[in-house]
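Notebook open, coffee poured. I'm going through this one chain from overall confidence down to single residues.

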Amino acid sequence: MNHQIVAGRHTILSIDDLAVLRANLEEQRLFRQEQLQQIAGTATVRTDAVPERQADSHLAVRDKLAASARMVLTDVEAALTRMDQGRYGACHLCCRPIALERLMIVPQARYCAHCQQVREAGR
Ligand SMILES: [Zn+2]
């Protein structure tokens, strides 16, 4: 048997699937960590040559980038923790398994496609 029950009775991801997803998550974690380091590095550089207004908008873009990178990093780390605890792959809302095709695209997904849609529609 190449299958392992990972989270509840519904979610059955194979060990191979999990290995691919974990590699994907670890790659994303590294990428985001490097991105945040880069952003933090540029923060200390004062660009006096740039007109003030332009520098401000540049800072705003940088802050947005940093915020979204940090958000993804948090999600990715949470997904890795769930994986370690064997709770990975189940929707946080309906507890049904998240489709493998969805996890392959968004390995840090907390919700199944249906619940994600409901959440986004409810905003
Ligand atoms: Zn769901």
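**Confidence.** I started with pLDDT, the predictor's confidence in each residue on a scale from 0 to 100. The chain averages 86, and 84% of its residues reach 70 or more. This is a predicted model, so I kept local features to pLDDT of at least 70 and side-chain atom pairs to pLDDT 80 or more, while totals for chains, interfaces and linings use all residues. My numbering runs from 1 along each chain as its sequence is written.

Where does pLDDT stay under 50? I found that over residues 1-10, for which the model has 23 contacts beyond four places in sequence; a contact here is a pair of C-beta atoms, placed from the backbone, within 7 Å. Where pLDDT is low, predicted coordinates should not be read in detail, and I moved on.

**Layout.** I took helices (H or I, at least four residues) and strands (E, at least two) as DSSP runs, numbered from the N terminus. The chain has four helices and two strands, and from the N terminus on they run β-β-α-α-α-α. Looking at contacts between residues at least 6 apart in sequence, I get 57% joining residues at least 24 apart.

**Helix α2.** How far does α2 reach from its first C-alpha to its last? The answer is 47 Å for 33 residues, close to the expected 48 Å; the expected span is 1.5 Å times one less than the number of residues. After α2 comes G86, with a positive phi near 75°.

I also looked up R70, which sits in α2 (residues 52-84). Is R70 buried or exposed? My scale calls a residue buried with 20 or more other C-beta atoms within 10 Å of its own, exposed with 12 or fewer, and partly exposed in between, again with C-beta atoms placed from the backbone. R70 has 14 C-beta neighbours inside 10 Å and therefore counts as partly exposed. Its C-alpha is 7.4 Å from that of R32, with the two positions 38 residues apart in sequence.

**Core.** On the same scale, 16% of the 123 residues count as buried. For a nonpolar core I took buried Ala, Val, Leu, Ile, Met, Phe, Trp, Tyr and Cys residues joined through C-beta atoms within 7 Å. The largest such core has 11 residues, among them L21, L25, V76, A79 and Y111. Both α1 (15-43) and α2 supply at least two residues each to this core.

I followed Y111 outward. Leaving out residues up to four places away in sequence, Y111 touches C91, H92, L93, Q116 and R119.

**The loop between α2 and α3.** H92 lies in this loop. With 13 C-beta neighbours inside 10 Å, H92 is partly exposed. Beyond four places in sequence, H92 contacts R110 and Y111. Its C-alpha is also 8.2 Å from that of C112, 20 residues along the chain.

C95 is in this loop too, ahead of α3 (100-105). What is the phi of C95? I read a positive value of about 65°, although C95 is not a glycine. Most residues other than glycine have a negative phi, and I flagged this one. C95 is partly exposed because 14 other C-beta atoms lie within 10 Å. The C-alpha atoms of C95 and Y111 are 8.6 Å apart, at a separation of 16 residues.

**Helix α3.** Last stop was L100, in α3. Which residues does L100 touch, not counting those up to four places away in sequence? I got L13 and D17. L100 has 16 other C-beta atoms within 10 Å, so I logged L100 as partly exposed. Its C-alpha lies 8.3 Å from that of G89, 11 residues apart along the chain.

Methods
Two residues are in contact if their C-beta atoms, placed from the backbone, lie within 7 Å.
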